[in-house]
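Student: Can we go through this model together? I'd like to start with a side chain and work outwards.

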Amino acid sequence: MSDQPTDPAQQPARRDRSWLVLALFIAFVVGIVAAFSFAMRDSFSAEPQKAFELSFTDDFDRRANTGGLGTAHNGPAWTIASGLWNVDAGRASIAFPAKDRSLAVIGNLSKPAIMARVSGKQRCGVVARYADPKNFIGLVRVPAYGVWNLVEVRDGKETVLGKLPDVVESTVTVKIETGQRVINAYVGLSTISVAAPSDSLVGAVGLIGYEDAAAQCVFADLWAFSGR
């Protein structure tokens, strides 16, 4: 007897696995979104790393003041080193910038660290381990080059220790952590660590702006930490 071709209708039907592929794809996308959300949460969290202890905060949510930054709710008073600073609508800003650098500082912390929200595409940022206008560590936006410069100012001379890429948004959370030998800097989700030994571990934290354009910068939601 010759073999007869099998009737296609009598062949076992293949299982449709397209639903499984779709389910795996959805699970993959959900996982990526969850991981990104977790990273963003950590980046903008006000919680210090284990090596640092929260000393005080300032959200600048107080009566408008055109003659300085006043006093943090649970911290010390601000000191204006240069420029004319003011508080309005829960934000700090520079009403009349100094010719070179405008500086406002607060606290006297051991191994100081600072995190703050900075707005404005101009040369402005935060400072830590501040001793005087000629000695401090700064993290400053440089919009002309699309970067943030981590700088050390020693005896008035400014040296760039490292660079971090800027973000597209005008507002970004930035942070500096200082130690005896290493300084960590953060801009959004980017980070850099540099070796910068120092004999001085105590200093203030604060805000900085450069030249007249610094009047376009605003600062909000500041956290100050001390190293353990």
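**Side chains, strands and a pocket**

Student: Which residue does the side chain of N149 join in a polar contact?
Tutor: K163: the two side chains are joined by a polar contact of 3.1 Å. A polar contact is a pair of N or O atoms within 3.5 Å, where one must be able to donate a hydrogen and the other to accept it, and sequence-adjacent residues count only through side-chain atoms on both sides. Bear in mind that this is a predicted model, with local features needing pLDDT of at least 70 and side-chain atom pairs 80 or more, while totals for chains, interfaces and linings use all residues. Residues are numbered from 1 along each chain as its sequence is written, and side-chain values use heavy atoms, without hydrogens or water.

Student: OK. Where is N149 found?
Tutor: In strand 9, which covers 147–154. Strands (E, at least two residues) and helices (H or I, at least four) are DSSP runs, numbered from the N terminus.

Student: And is N149 buried or exposed?
Tutor: N149 counts as buried because its relative accessibility is 12%. The cut-offs are under 20% relative accessible area for buried and over 50% for exposed, with partly exposed in between (1.4 Å probe, protein chains only).

Student: What does N149 touch, not counting residues up to four places away?
Tutor: G138, L139, V140, V142, V160, G162 and K163. Contact here means heavy atoms within 4.5 Å. So K163 turns up both in that list and as the partner in the polar contact.

Student: Same strand, then: what about E152, buried or exposed?
Tutor: E152, in strand 9, is at 14% relative accessibility and therefore counts as buried. Its side chain has a polar contact of 2.9 Å with the side chain of R154.

Student: Which residues does E152 contact beyond four places in sequence?
Tutor: R129, F136, I137, K157, E158, T159 and L161. For F136, which is 16 residues away along the chain, the C-alpha separation from E152 is 6.1 Å.

Student: Then the chain leaves strand 9. Is D155 buried or exposed?
Tutor: Exposed, since D155 has 64% relative accessibility. It sits in the loop between strand 9 and strand 10 (157–165). Setting aside neighbours within four places, D155 contacts K134 and N135. F136 comes up again here: its C-alpha is 9.2 Å from that of D155, with their positions 19 residues apart along the chain.

Student: Switching topic: which residues lie nearest the centre of the second largest pocket?
Tutor: R129, N135, R154, S198 and S200, out of 13 lining residues. A pocket is an open set of points on a 1 Å grid over the protein atoms alone, where a 1.4 Å probe fits and protein lies on both sides within 12 Å along at least five of seven lines; lining residues have an atom within 4 Å of a point.

Student: Which strands each supply at least two residues of that lining?
Tutor: Strand 7 (124–132), strand 8 (135–142) and strand 9 (147–154).

Student: R129 again. What's its phi?
Tutor: Near 50°, so it is positive in a residue other than glycine. Most residues other than glycine have a negative phi. R129 is in strand 7, and it counts as buried because its relative accessibility is 7%.
Student: And what phi does F60 have?
Tutor: F60 is positive too, at about 60°, and it is not a glycine. It lies in the loop between strand 1 (52–58) and strand 2 (78–82). With 1% relative accessibility, F60 counts as buried.

Student: Now strand 3. What does the N86 side chain make a polar contact with?
Tutor: The side chain of S93, at 2.7 Å. N86 lies in strand 3 (residues 84–88) and is buried, with 14% relative accessible area. Beyond four places in sequence, its contacts are N65, T66, G68, L69, R91, A92, S93 and A95.

Student: What about D88?
Tutor: D88 is in strand 3 as well, but counts as partly exposed because its relative accessibility is 48%. Its C-alpha is 7.7 Å from that of R62, 26 residues away in sequence.

Student: Last bit, the whole chain. How many strands?
Tutor: There are 15, plus one helix. Of its 228 residues, 42% count as buried. Among contacts between residues at least 6 apart in sequence, 59% join residues at least 24 apart.
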